[in-house]
Amino acid sequence: MTSDSPQDAAARPGTLIQMRTSEDWWAIWCGTLLIVVAFLAVWCNRPDDFRGKIAEGQAVEVSSPLKPWLAKPNKWDSSPLDSFYRPATAGESGVNTVQGVLGVFCVIAVLFTVATQIRGLSGVKFLKAFPVVFLLATLAYVMAAQSVVKAYNLEYALWALMIGLIISNTVRTPEFLKPAVVTEFYIKTGLVLLGAEVLMTRLLALGAPGVMVAWVVTPVVLISTYIFGQKVLRMESRSLNMVISADMSVCGVSAAIATASACKAKKEELSLAIGMSLSFTVIMMIVLPAIIKAVGMDEILGGAWLGGTIDSTGAVAAAGAVLSDRAMEVAATVKMIQNILIGVTAFCVATYWTTAVERDPSADRPSLLEIWNRFPKFVLGFVLASIIFSFVHGTLAGGPELVDATIKGSTKTLRGWFFCLAFVSIGLDTDFRELLPQMRGGKPLILYVCGQSLNLCLTLLMAWLAFHVVFRDLVEQAAP
Amino acid sequence: MRSFNSEATEDMPTCRSTGFRQTGGIRLVLSLGVVAVIWCVLLPAIARRPAMVEHLNWLDDRGIDPSAMYYTELEMMDPILRRLERQRQFKPAE
């Protein structure tokens, strides 16, 4: 995630060679292969006369046969072993995720070993190191699956990072592990898989009021915060500024990951942005509903405000539910629209970075070839996956059922594992001391607080206009 | 044959590195101990408190996972999306 100079870009090998060797292209190949296999598995498993039943308006259940083979540790209360195996009791169904976790291990181990070998690196060394990195990722998932930890939005990214940091800052990361510490490869492959979940057809889920709150406020806050960071705070790192602005204005960790990769931010910058985002999310998910209740704000307006301001998706739903079921629905739907804006955000940030930030100030406008060479190619895979799945979802008979089964049965689980492996890798590759210069003068914190304050004011104003003034009648009809 | 000076400069980092590894090993064990105590003792104890049990059940009943990173990870989104998609399908016919 580090930026390269124009000289590096000039010395870059041709596209065909890059397609065989570069991480970006291999993220596309690996992500595409996983998506295609996942979709074909669902397609072949669809019930007889699927189209006919859909045409008749019948509810059709479609599932992925891969689902039992791909899993993550389950939620647990008192014993970490419950996240892997818990026998069925009178009140609760049993849990067995061992097969699913081993399945994920096999899929990623085989895929990445082959990819590493073809890229001209040592596949054997990767395979020797990968089980340990995967074990650490599994530990992070188990830590994140504790019910109290889950209830307070402390996502696996935080624990994966912490586990990696503990190792790298105590005994130092052993050399033999380094071939499997491939942060960018994991993140980029995970992002291509995430592309399949970015369904543009759901952008209009709340109609015009949702567009006003999510589409208008989000880019305005993102751009204003970035400009504030550059012009007023004079942030040393543009990429840190961009990652904080995006994770605060769009949707937290997932937006931070996508933007950091698009603007080639340093791994420490991503860690810092995510740490801040999760800390503020915990505070906001408790404080904001209390404020809304205290001032007697209308539940729909409150829900829209929560959805547009709290970074993390799960925390938005939890905060909305404190108000009412109706507020929870509005909040979660506004946040979903912001989630989907990740695709557009990542593409725009990557384009801005390659055409403006990385541009040689002494040279003329960069040529299209130069822009193509510098452009992070995995973003194309991410956007393409989003477009194709949005098309299938929106136009194919039974598209929503097929797409949902593909995502829930396999790609969502694999994407989570790739991100978890990436955060373990970031931790294993980071020295605590490297994080300190990023905090100099408290600028990132000031940036976050100022940006979030603007976000709170602007979202409230826009939500009031959209849900109470301009589209009041529409909201009354559509709301549950 | 190595000179005294070269021996000293080559061995010193090794000693430092061995020392770092020894203290690092202790720090690792201590850190993992703290993690184990928090996750195996403290958090389960919090999870058993009546107020927390009630809160966790309340989240479960609504299908909310506050740690969800993306909307596709939220079980509670399914009925909302189904309803919104139904509304969208039937809108032109109305």
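Okay, let's start with chain B: reading along its sequence, you get the pattern α-α-α. That's three helices and zero strands. Before I go on, keep in mind that this is a predicted model.

So how much of chain B counts as buried? Of its 94 residues, 18% do.

Now, how does chain B meet chain A? On the B side, 36 residues are in contact, and they touch 41 residues of chain A. If you want to find that surface on screen, look at H1 (4-48), H2 (50-61) and H3 (77-90) of chain B, the elements that each give two or more residues to it. H1(B) gives the most, with 13 residues. As for chemistry, the chain B side of this contact splits into 21 nonpolar, seven polar and eight charged residues.

Let's move over to chain A and a pair of helices there. H6 covers residues 123-144 and H8 covers residues 156-168, and the two pack with their axes 8 Å apart, at an angle of about 135 degrees. An angle over 145 would count as roughly antiparallel, and 65 to 115 as roughly perpendicular, so H6(A) and H8(A) are oblique to each other. Their crossing is right-handed.

Which residues make that contact? From H6(A) you have A:Leu136, A:Ala137, A:Leu139, A:Ala140, A:Tyr141, A:Met143 and A:Ala144, and they meet A:Tyr156, A:Trp159, A:Ala160, A:Ile163 and A:Gly164 of H8(A). Sorted by class, that's eleven nonpolar residues, one polar and no charged ones.

Some of those names come back when we turn to the core. The largest nonpolar core has 165 residues, and the members touching the most others are A:Ala137, A:Ala140, A:Ala160, A:Cys420 and A:Val424. Click on A:Cys420 for a second. What does A:Cys420 contact once you leave aside its neighbours within four places in sequence? You get A:Ala137, A:Ala140 and A:Tyr141, plus A:Tyr156 and A:Ala160. The first three of those names are in the H6(A) part of the helix contact, and the other two are in the H8(A) part.

Last stop, A:Asp473, which sits in helix H22 of chain A, residues 472-478. Buried or exposed, what would you say for A:Asp473? There are 8 other C-beta atoms within 10 Å, and the cut-off for exposed is 12 or fewer, so A:Asp473 is exposed. And if you want a distance to try on your own screen, go from A:Asp473 to A:Trp372: they are 101 residues apart along the chain, and their C-alpha atoms are separated by 47 Å.

Key
Residues numbered from 1 in each chain as written. Chains lettered and ligands numbered in written order. Predicted model: local features only at pLDDT ≥ 70, side-chain atom pairs only at ≥ 80, totals over all residues. Axes fitted to C-alpha atoms, helices over the stretch in contact; angles between N-to-C directions. Helix = DSSP H or I, 4+ residues; strand = E, 2+ residues; numbered from the N terminus. Parallel < 35°, antiparallel > 145°, perpendicular 65-115°, else oblique. Left-handed = near helix turned anticlockwise from the far one by under 90°. Contact = placed C-beta atoms within 7 Å. Nonpolar A, V, L, I, M, F, W, Y, C, P; charged D, E, K, R; others polar. Core = buried A, V, L, I, M, F, W, Y, C linked by C-beta atoms within 7 Å. Buried ≥ 20, exposed ≤ 12 C-beta atoms within 10 Å, placed from the backbone.
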